[in-house]
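Good morning, colleagues. I should like to speak briefly about a ligand and the space that holds it.

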Amino acid sequence: MDQAISPVVRPEAPIDPLSTGSGHRFGAIETFDTTGPVVRAERRTVSEAESRRANGPDWDRYADEYQATHGPFLGDAGFVWGPEGLTEADLGVLGDVAGKDVLELGSGACQCSRWVNTRGGRAIGLDLSGRQLQHSRRLDEQTGVVVPAVQATATDLPFADRSFDVVFCSFGALQFVSDIAHAVAETARVLRPGGRFAFSITHPTRWMFPDDPGPEGLIAAQSYWDRTPYVEVDDETGEVSYVEHHRTLGDWVSVLAGAGFWITDLVEPEWPEDHERIWGGWSRTRGLLTPGTAIFGANLASS
Ligand SMILES: C[S@@+](CC[C@H](N)C(=O)[O-])C[C@H]1O[C@@H](n2cnc3c(N)ncnc32)[C@H](O)[C@@H]1O
C-alpha cells in the first residue's frame, strides 16, 4: 500500500450531492471533478487492459469522497445492495453465510464483507483500488471486525480453484470490466461445485436514459442495445481515465449460463416511498417509475 498519500480518515461529506447529468459514471455526483483530471465523456470501445489502467487510479482518486459521501449510508459493517437501500439482511439472496468461505469482488472498503463476518462467515475482500482497501483497513480498526483483503482484478483472481462457497459483488467490479465472460469464468473457477454467486449492477435499462436524477433522466435517449462502453478521456493527455461497461439483461443470462451457472433470482428492488436520498442518477423521482438496480442470484452446477 502507498504510505505517501494522505492519512485515511473519513473526510467531510460534500454538501448537496447532485448529478452532473451526463453519461453513466457510477454515482456521477459531488465535487469529484474538481480533484481529478478535466475529462470529456464519450462512448467508445476499450480493451480490458485500458479499463483496468483507467479505473484503478480513478477509484484511488475518488475513494475518499466515495467513502465520505456514501459510508454512513452503507454502514461500516452493513450490507446494502444498492442506492434503494435494500439490505442482504432483508433479501437473503446469499443464503446462510455462517461457516462459509466468501469472496467479495470490487469490495471497496469491505463493508459488505464485514457484515458477512459478523454473521459467522469468512469473507475476503478484493479490489483494484489500493485507496479503497486503505479505507477497509481503517474500518477494520474502527469496528474491530477485520476483513482480509487483496488488491487484484476480478478478471484474474489470485485464488486456487474451488476455494469459496459464495462469491458476491455489490455494484463492485463487474460493470467496470471489459472481459465479462472471463470475469464470470474466474468466479466459477474459484467457487466450489454448487457454490452461490450473487451480484448487483446498474439496471441495464438505465443505459437508455441520461444519468440525471431529475425528470430529464426519465426521457429515453440512447439505445438499450448499444453496448459501446461509457468512457471518460483526459482532455490533456488523451488517455482513457474512467470506463463503465453495459450489458443487456439477455447478455447477463448468456454469460452466466455459459460459465455453468443456473440463475435462481433476478431482483429489481423497488424504491421505498419515503426514501429521499440521491446517489448519482438514482433518486426518488426516477426510482418510483423505473428500476435502478438489478440483483442476480445464481448457483454453480454441482459437478
Ligand atoms: C461502486 S464501488 C463499490 C464498492 C463496494 N462494493 C460498495 O458497495 O461500496 C466499485 C468498486 O469496484 C472496484 N473495481 C473496479 N474495477 C475492478 C476490477 N477490475 N477488479 C476489482 N475491483 C474493481 C473499484 O475500485 C471500486 O472500489
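A residue counts as near a molecule if one of its heavy atoms lies within 4 Å of it. With that rule, 22 residues surround the ligand, and Y66, D127, Q132, A154 and S170 come nearest. Please bear in mind that this is a predicted model, in which local features need pLDDT of at least 70, side-chain atom pairs count only at pLDDT 80 or more, and totals for chains, interfaces and linings use all residues. Residues are numbered from 1 along each chain as its sequence is written, and side-chain values use heavy atoms, with hydrogens and water left out.

Let me turn to the polar contacts, meaning pairs of N or O atoms within 3.5 Å. The side chain of Q132 places an N or O atom 2.9 Å from an oxygen atom of the ligand. For T153, a side-chain N or O atom is 3.2 Å from a ligand nitrogen. A154 contributes through its backbone, where an N or O atom lies 3.0 Å from a nitrogen atom of the ligand. Taken alone, the ligand exposes 600 Å², of which the protein buries 99% (Shrake-Rupley areas, 1.4 Å probe).

By composition, the shell around the ligand holds 12 nonpolar, 8 polar and 2 charged residues; Gly is counted as polar here. The largest share of this shell, 3 residues, comes from α1, a helix in the DSSP sense (H or I runs of at least four residues; strands are E runs of at least two).

Where does the ligand sit? The ligand occupies the largest cavity, in that more than half of its atoms lie within 2 Å of the cavity's grid points. A cavity is a set of points on a 1 Å grid over the protein atoms alone where a 1.4 Å probe fits but cannot get out, and lining residues have an atom within 4 Å of a point. The largest cavity contains about 480 Å³ of space. Its lining has 34 residues, and those closest to the centre are G106, G108, D127, F171 and G172. Again α1 gives the largest share, here 7 residues of the lining.

How values were computed: 1 Å grid on protein atoms, 1.4 Å probe; cavity = no way out; pocket = protein on both sides within 12 Å on 5 of 7 lines; lining within 4 Å. Points joined across faces, edges and corners; volume = space filled by probe spheres on them. Polar contact = N/O pair within 3.5 Å; in protein donor to acceptor, adjacent residues only side chain to side chain.
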